[in-house]
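Visitor: Please take me closely through the interior of this model. I should like one connected account, with the cut-off behind each term.

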Amino acid sequence: MERQYRLKKNRAFQYVYRRGHSAACRDLVMLFARGRELKVGFSVSKKVGNAVIRNKVKRRLRECFRPYLGDVKTGLYVIVARPSAAKATFQSLQKDVRYLLKKQDALKEGNRAE
RNA sequence: CGAGGUGAACAGGCGAUCGCGUGGCUUCGGAAGAGCCAUGAGGAAAGUCCGGGCACCGCAGAGCAAGGGUGCCGGCUAACGGCCGGCGGAGGCGACUCCAGGGAGAGUGCAACAGAAAUAAACCGCCCGGAUCCCCAGCGGGAGCCAGGUAAGGAUGGAAAGGCGAGGCAAGAGCUCACCCGCGGGACUGGUAACUUUUCCGCGCUGUAAACCCCACCCGGUGCAAGAUGCAGGAGGUACGUCGGCUGCUCGUCGCAAUCCUCCGGGAUCGCUGGAGCCAUCCGGUAACGGAUGGCCUGGAUAGAUGAUCGCCCAGAACAGAACCCGGCUUAUGGUCACGCUCGCAUU
RNA sequence: GUGGGUAUAGCGUAGUUGGUUAACGCGUCAGAUUGUGGCUCUGAAGAUCGUGGGUUCGAGUCCCACUACUCACC
């Protein structure tokens, strides 16, 4: 997942928290605010685990989101990991991401990745 | 075989597909993009407990105070509160391990409860003497009182004025003597030294300095969000003093203004990784370590790069992620190996 | 990155220069009162003083290391 698609500044995160719509499941929360460019940010707090665990969760989430980059409506996404995400497998995270994208109605019509 | 002790290296490997950071090359007028190649977390990267480098501030620089730290000896080191080797003490049957280990003979404080008494002592007891009273024919005996002597004995306590024996005494006492114990000093043996061997003299002194303190030595402050250079912007200030110049005081010194000063906050580039570096051999040293020669280049991100899936080996395996960089310490943690190390059991 | 603070009964807090039994309130339990409950009164239980070492005769207190939580600044 390339850097140009990444959400970086704290202000951008604050914007999404204020304006975005949220959808949640057991391990994840997804916020989405429509916009012109496509950027994705990940938020993993210290409650999830130590630095190694947090990095691993972020990597997995990035890998989960990568296949949908071309198939998703433009805007700012923030994915928040809950503490239970540390124990989740890659497959279950991937299922959760797809479920949340559908719930947000963010997938482009007729171009769904299966 | 079991239970230990010490030390050492390693930190899953290989292959396939997709994906990421950095550097180089090619494509291209250039950028973007694409392709290829190389490379890409640790022994603790952690905790932030110490020591430095580096940067800025103070800055010709200096002194004092305050505060903090260290504390057997010698060596190593850039330095250290670290390491190595000794000494002393403590623990363990032993291999071996652990120790903030200067000064209580400079002063102050504290030592609850118990106990007669807690750093110094006469409550009981023991003993001499005095007057009074009682018993007795008398010798004499007894009772409490007064004034002294005495630390041998007395339920305590962590600690009770060295221990034991003999002499001595009215009763006693290192009061005296022999032996032993401890402390201080001198000489001597060995050692660079801490210390130690032997001996002589003096003394018998409570413990606590991780209580205040004394002595010796060390420490200026702030930290890469340091700081430097560009870009764009906002707010405020007003003249020799009662100003300002990152800690207190004293000296010293500098500045005196709008093209300046102070403050605020946004973004970019640099700082940014080749270094007290790593590996091998030889030499010196008990060792820590040092020297010589040869070889190697080995992360540099900036919401933060190592992942996902599968196969084989295999017991699917712990603690855990660089953020300026090094040297230590401490803590967390997986299995492996070595020992001409120890103890126990069994067999020969 | 740097520098502080806190940890004591189920909960919230005391604990003064080390000294015997760690105090208080709420809560809990038992009893009394009441026809029953509450209020009230009486009594009781409940603490590895965050963990592990050390100094000391003696540690909640002093020293060291660690753990968790929390605050401040840039």
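Guide: A residue counts as buried under 20% relative accessible area, as exposed over 50%, and as partly exposed in between, using a 1.4 Å probe and protein chains only. The model is predicted, so local features need pLDDT of at least 70 and side-chain atom pairs pLDDT 80 or more, while totals for chains, interfaces and linings use all residues. Residues are numbered from 1 along each chain as its sequence is written, chains are lettered from A and ligands numbered from 1 in the order written, and side-chain values rest on heavy atoms, without hydrogens or water.

The overall frame comes before the interior. Chain A contains three helices and four strands (DSSP runs numbered from the N terminus: H or I of at least four residues for a helix, E of at least two for a strand). Their order from the N terminus is α-β-β-β-α-β-α. Of the 114 residues of chain A, 39% are buried. A contact requires heavy atoms within 4.5 Å. Among the contacts of chain A with a separation of 6 or more, 83% join residues 24 or more positions apart.

The interior itself is best described through its nonpolar cores, each a set of buried Ala, Val, Leu, Ile, Met, Phe, Trp, Tyr and Cys residues joined through side-chain atoms within 4.5 Å. The largest core has 28 residues, and the members touching the most others are Leu28, Leu61, Phe65, Val72, Tyr77 and Leu101. At least two residues of this core come from each of β2, β3 (38-44), α2 (51-65), β4 and α3 (90-103). A second core, separate from this one, has seven residues, including Phe13, Val16, Val29 and Val80.

Leu28 shows how such a member is surrounded. Leaving aside residues up to four places away in sequence, Leu28 touches Ala23, Leu61, Ile79, Val80, Ala81, Arg82, Leu93, Asp96, Val97 and Leu100.

Two further members of the largest core, Phe65 and Tyr77, also belong to one aromatic cluster, together with Phe32. The structure has two aromatic pairs (Phe, Tyr or Trp rings, the six-membered one for Trp, with centres within 6.5 Å; planes under 30 degrees apart are stacked, over 60 edge-to-face, the rest tilted). Phe32 and Tyr77 make a stacked pair, with 4.5 Å between the centres and 25° between the planes. This pair joins distant parts of the chain, since Phe32 belongs to strand β2 (residues 28-34) and Tyr77 to strand β4 (residues 75-81), 45 residues apart. Both Phe32 and Tyr77 are buried.

Phe32 also has a polar neighbour, Gln104, found in the segment after α3. Gln104 counts as buried because its relative accessibility is 12%. With residues up to four places away in sequence left out, Gln104 touches His21, Ser22, Ala23, Met30, Leu31 and Phe32.

Among the contacts of Leu28, Asp96 leads to the charged residues. Asp96 lies in helix α3. Outside the residues up to four places away in sequence, Asp96 touches Cys25, Asp27 and Leu28. Asp96 is buried but has no salt bridge, and the nearest side chain of opposite charge, Arg26, is 6.2 Å away. Here Lys and Arg count as positive and Asp and Glu as negative, with His and the chain ends not counted. A salt bridge needs a side-chain nitrogen of Lys or Arg within 4 Å of a carboxyl oxygen of Asp or Glu.

The structure holds two salt bridges. In one, Arg26 meets Asp27, with the closest N and O atoms 3.6 Å apart; Asp27 is buried at 2% relative accessible area, whereas Arg26 is exposed at 65%. In the other, Glu63 meets Arg66 at 2.9 Å between the closest N and O atoms. Glu63 is partly exposed at 35%, and Arg66 is partly exposed at 40%.

Cys25, a contact of Asp96, raises the matter of disulfides, which are pairs of cysteine sulfur atoms within 2.5 Å. The structure holds zero of them. For Cys25, the closest cysteine sulfur is that of Cys64, 11 Å away and therefore too far for a bond. Cys25 is buried at 14% relative accessibility, and Cys64 is buried with a relative accessible area of 0%.
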